[in-house]
Amino acid sequence: MPDAQELESYIRRKFAENVGLTEAELFSEDLTLSGLITRSERMTNSVDLMEAFARTSNGLRKDFGLRVRLPALSLDTPVSKVLAVFMGEVTNPEKKSA
């Protein structure tokens with residue numbers, strides 16, 4: 001099992017790929033989810049954003065056997081908070097796949 005730093009790096013990389021921005025664009029300014037939709041050429045609405053979350057979650061399940069369930073997040077949520085929620089899910093031992 002990868003350590004927390006490796007998981008964070010994976011989540012950052014995969015989420016950035018899924019939304020069509022670089023990690024620097026996505027995390028350096030701590031965009032809100034609405035700002036992310038505006039900035040990304042791949043995103044047109046919150047459905048696209050939910051699909052990016054799902055693809056990132058599916059990658060964690062496929063590559064590491066980790067299940068992630070994200071709560072509803074408002075569009076004014078900063079990306080750093082989304083990362084913290086992902087990390088809380090993947091580092092919680094009760095969430096690991098059997």
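If we walk along the chain from the N terminus, the elements come in the order α-α-α-α-α, and the count is accordingly five helices and zero strands. Please keep in mind throughout that this is a predicted model, and that the values I mention are computed from it.

Let me turn to the overall form. For a compact globule of 98 residues we would expect a radius of gyration near 13 Å, and because the chain has 13 Å, the two agree. Taken along the principal axes, the C-alpha atoms fill a box of roughly 40 × 25 × 20 Å. How much of the chain is buried? Of the 98 residues, 37% count as buried. As for the outside, the chain exposes about 5,700 Å², and carbon and sulfur atoms supply 48% of that area. If we look at contacts with a separation of 6 or more, 58% of them are accounted for by residues 24 or more positions apart. The chain also carries 13 positive and 15 negative charges, and the mean positions of these two groups lie 7 Å apart.

Now to helix 1, which covers residues 4-19. At 1.5 Å a residue, its 16 residues should span 22 Å, and since its end C-alpha atoms are 22 Å apart, expectation and model agree. Which residues of helix 1 are buried? They are Leu-7, Tyr-10, Ile-11, Phe-15, Ala-16, Asn-18 and Val-19. It may help to recall that an α-helix has 3.6 residues a turn, so residues three or four places apart point the same way. As for their partners, the buried residues of helix 1 pack against helix 2 (23-27), helix 3 (33-39), helix 4 (46-64) and helix 5 (79-90).

Finally, I would like to look at two residues in loops. Gly-20 sits in the loop between helix 1 and helix 2. Is Gly-20 buried, partly exposed or exposed? Buried would require under 20% relative accessible area and exposed over 50%, so Gly-20, with 36%, is partly exposed. Leaving aside residues up to four places away in sequence, Gly-20 touches Ser-40 and Arg-42, whereas Gly-20 and Ser-46, which are 26 residues apart in sequence, are 15 Å apart in space from C-alpha to C-alpha.

The other residue is Asp-30, in the loop between helix 2 and helix 3. Although Asp-30 is not a glycine, it has a positive phi of about 50 degrees. With a relative accessible area of 32%, Asp-30 is partly exposed.

How values were computed: Residues numbered from 1 in each chain as written. Predicted model: local features only at pLDDT ≥ 70, side-chain atom pairs only at ≥ 80, totals over all residues. Heavy atoms only, no water. Helix = DSSP H or I, 4+ residues; strand = E, 2+ residues; numbered from the N terminus. Rg over C-alpha atoms; globule rule 2.2 N^0.38 Å. Buried < 20%, exposed > 50% of the residue type's maximum accessible area, 1.4 Å probe, protein only. Contact = heavy atoms within 4.5 Å. Areas by Shrake-Rupley, 256 points an atom, 1.4 Å probe, with all protein chains shown as cover. Lys, Arg positive; Asp, Glu negative; His and termini not counted. Charge placed at Lys NZ, Arg CZ, Asp CG, Glu CD. Expected span 1.5 Å × (residues − 1).
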